[in-house]
Amino acid sequence: MIPINDFLVLGTILFSIGMYGVLARRNAVLVLMGVELMLQGVSINFITFAAYLDPTNATGVIFAIFVIVVAAAEAGLGLAIILRLFRNRQTANVDEADLMKW
Amino acid sequence: MGMEQAWLLPAIPLAAFVFLLIAGPWLPRRGDWVAIAAIGASFILFFPILLDLQDAVKHTEGFVGGGKSWDWISYEGFNIKLGFFVDQITIVMLIVVSSVALLVQIYSVAYMRGDARYGWYFTVMCLFVASMLTLVLADNLLLMYAAWEGVGFCSFLLIGFWWERRSAAEAAKKAFITTRIGDVGFLIGIILLYREAGTFNIQEIIHFAQAGGYSSTYLAIAVLFLFMGAVGKSGQFPLHVWLPDAMEGPTPVSALIHAATMVVAGVYMVARMLPLFEEAPAVVLDIVTILGLITVWLSATMGLAATDIKRVIAYSTLNSLGLMFVALGSHSVTAAMLYLFVHGFFKAMLFLGSGAVIHATEKQDVSELGSLRDKMPITSLTFALGAGAMIGIIPLSGFWAKDEVLVSTHHAQNIFCYIALLASLAVTGVYMTRLYVLTFLSTPKDHHVYDHAHEAEPLMSVPLIILAIPTLIGGLFVFHFFGKALGFPGGFTEFVYSVEPEKFKFHVDVAVLSTALAGGGLILAYYLWEVRPALVDRIRTTFKPIAILLERRYFIDDFYQFIINRVILGLSAVIAWFDRTVVNDTGVDGTAGLGWFAGRELRLTETGKLPNYALAIAGGVVVIAILFLVLEV
């Protein structure tokens with residue numbers, strides 16, 4: 001059996017890559033993609049624990065499905081917002097979209 | 001209709017007050033007839049109650065009064081009842097209040113004619129009469145206190161009736177605040193009595209005390225607080241300063257409120273609670289006597305120097321109130337109530353007489369009046385009767401009452417007290433005669449005033465004549481045959497008493513002494529001011545410091561003003577500073593400033609840049625994770 005650590009490391013790597021993308025990227029589409037990666041890293045964690053610690057119940061798996069559904073919806077919404085931003089300002093750079101400040 | 005329906009007496013003027021308050025301005029004659037009709041109804045309804053009481057006294061052994069009470073608050077064993085109570089003391093007060101109020105109202109129609117607030121005057125008078133009758137009829141201290149404050153409030157409104165005049169506004173304020181000092185004591189006394197007895201009902205409290213429910217020190221403190229209320233309301237030393245200033249109000253107000261009714265409320269209250277005072281250590285009644293005696297002497301001597309006609313009568317009122325308290329201090333409800341009864345009529349008559357003078361001459365300083373006897377014969381005659389009663393000339397009503405006070409003092413007090421009281425009669429004789437001589441005899445000092453003076457119109461002179469009747473024949477009430485003929489068990493002393501009825505006895509020694517002193521004062525004053533006026537000025541120059549002391553009212557008012565200016569305003573300034581800098585600037589503004597400052601600084605973190613927010617979230621998570629690791633929660 002594959003040790004549980006391998007899956008957890010995979011989840012952590014995915015989460016970290018996603019976080020790097022969110023923090024470092026300036027393009028809104030890439031930031032959104034980073035968020036997706038973070039979500040999937042978390043999903044892997046859920047499924048891993050579900051499979052190893054509590055195989056009879058499917059709680060963790062159902063959570064993962066929920067995460068996927070929410071991620072899909074969020075991607076659709078996020079992309080729509082980015083589209084409006086680009087239409088209005090001819091840019092998808094998040095640094096330039098800073099009207100909501102003090 | 002009987003004692004159980006006694007609540008109607010205050011209810012009718014109260015209804016008239018509410019009606020006048022709403023509809024007054026649209027009524028013909030501004031509704032003065034409503035007020036007079038309401039008070040007249042109360043006066044008429046007094047008689048069925050009197051008959052019922054006479055009947056009850058006749059047929060009940062050991063009658064202690066009747067009435068009716070209702071539940072006010074009733075909640076799981078906590079029960080407060082309010083009600084009305086009629087006994088012999090109440091009846092004496094009721095007849096004084098209702099009859100003098102009616103006469104004063106009729107007089108006021110003429111006196112107040114043409115005043116800008118004519119309707120308002122009658123409206124407030126209705127409220128006053130309602131409050132006063134409630135005070136008299138209340139069977140418990142709570143209702144009595146409410147009415148007590150009610151009459152004080154009406155007194156404030158009526159003293160300051162002409163509030164455009166600064167002195168009137170100030171006098172109203174002074175009266176209100178001074179009596180309020182006493183009222184606070186009264187309230188504390190009521191609370192102290194209630195705390196142990198668990199009831200506000202006066203009769204129950206008295207029974208509780210007589211059963212030994214209070215410890216003697218506790219009772220002494222409680223009744224002294226009660227007495228404080230009486231001191232304020234009845235103008236006893238050291239709270240007497242408001243009454244002379246209260247003369248700023250219209251003269252009928254002075255006659256009703258500051259002579260016949262409200263100021264004797266303190267006497268009435270002490271008379272009603274006298275069993276409590278007697279249960280307490282003897283020192284309590286000694287304090288009552290001493291304050292009464294001080295008031296008698298202070299007011300009588302200040303009356304010698306006052307030149308305002310109404311002020312002199314105000315001092316004579318203080319003098320009379322002091323006498324009543326000396327009587328109460330001598331355990332004699334009978335003497336105090338007899339004096340209260342006759343005083344109500346002759347003092348109201350004196351005030352109404354001075355009102356007639358003021359109305360006719362528009363002057364109230366005796367240095368501008370004089371020789372008015374020829375111009376105002378009726379006023380002059382009734383005024384002479386009132387002054388005579390005040391001095392205690394036989395056979396006027398004041399003589400009998402004052403002698404009763406003297407006899408009770410002679411029985412209950414030491415010889416010094418008795419002599420002091422006797423000696424004050426001479427001073428009373430001097431200043432009342434001086435007032436009469438300077439106003440109605442001697443020579444006219446201001447010829448313009450003299451030429452324009454005229455007799456009062458019938459609406460004013462008829463009440464004067466009616467008031468002269470009880471002044472003339474009031475003394476008859478002490479005799480057995482007269483009381484019997486009117487349906488009472490006997491004379492006044494057999495009807496109103498605290499322990500047991502006593503047949504009236506004429507004490508020749510007291511009568512001779514008092515008549516000699518009062519008559520001596522009268523003759524001396526007549527000689528000084530009528531025959532040898534020049535001598536007065538010489539006496540004044542010789543004893544200048546004393547004259548100044550009297551004219552400045554023993555500097556008591558100045559002393560109080562000094563205390564107010566230095567101590568009270570000084571303390572207030574400190575408190576104001578504390579309030580402004582500590583409470584307001586630091587406490588209130590500081591808290592607001594902190595929020596404002598924090599908001600101003602923290603808003604800079606809102607950069608609007610997405611990566612900053614993302615970093616804050618990620619960093620926050622890391623920090624929380626580290627914290628959890630370190631703290632090992």
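**Notes on helix packing, cores and the chain contact**

1. A good place to start is one helix pair in chain B: V96(B), V100(B), A101(B), V104(B), Y107(B), S108(B) and Y111(B) of α3(B) meet T251(B), P252(B), A255(B), L256(B) and A260(B) of α10(B). Contact here means C-beta atoms, placed from the backbone, within 7 Å. By class, this contact has ten nonpolar, two polar and no charged residues (Ala, Val, Leu, Ile, Met, Phe, Trp, Tyr, Cys and Pro are nonpolar; Asp, Glu, Lys and Arg charged; the others, Gly among them, polar).

2. Please keep in mind that this is a predicted model: local features need pLDDT of at least 70 and side-chain atom pairs pLDDT 80 or more, while totals for chains, interfaces and linings use all residues. Residues are numbered from 1 along each chain as its sequence is written, and chains are lettered from A in the order in which they are written.

3. The axes of α3 (residues 88-111) and α10 (residues 251-260) of chain B come within 9 Å and cross at roughly 165 degrees. The two helices α3(B) and α10(B) are therefore roughly antiparallel (angles over 145 degrees).

4. The largest nonpolar core (buried nonpolar residues other than Pro, joined through C-beta atoms within 7 Å; buried means 20 or more other C-beta atoms within 10 Å) has 202 residues. Helix α15 (residues 333-361) of chain B gives the largest share, 19 residues.

5. Y339(B), among the residues with the most contacts inside that core, touches residues including S320(B), L323(B), A401(B) and V405(B).

6. As for the two chains, eleven residues of chain B contact eleven of chain A.

Notes:
Axes are lines fitted to C-alpha atoms, for helices over the stretch in contact, and angles run from 0 to 180 degrees between N-to-C directions. Helices (H or I, at least four residues) and strands (E, at least two) are DSSP runs, numbered from the N terminus. Angles under 35 degrees count as roughly parallel, over 145 as roughly antiparallel, 65 to 115 as roughly perpendicular and the rest as oblique. A residue is buried if 20 or more other C-beta atoms lie within 10 Å of its own, exposed if 12 or fewer, and partly exposed in between; C-beta atoms are placed from the backbone. Lists of a residue's contacts leave out its neighbours within four places in sequence.
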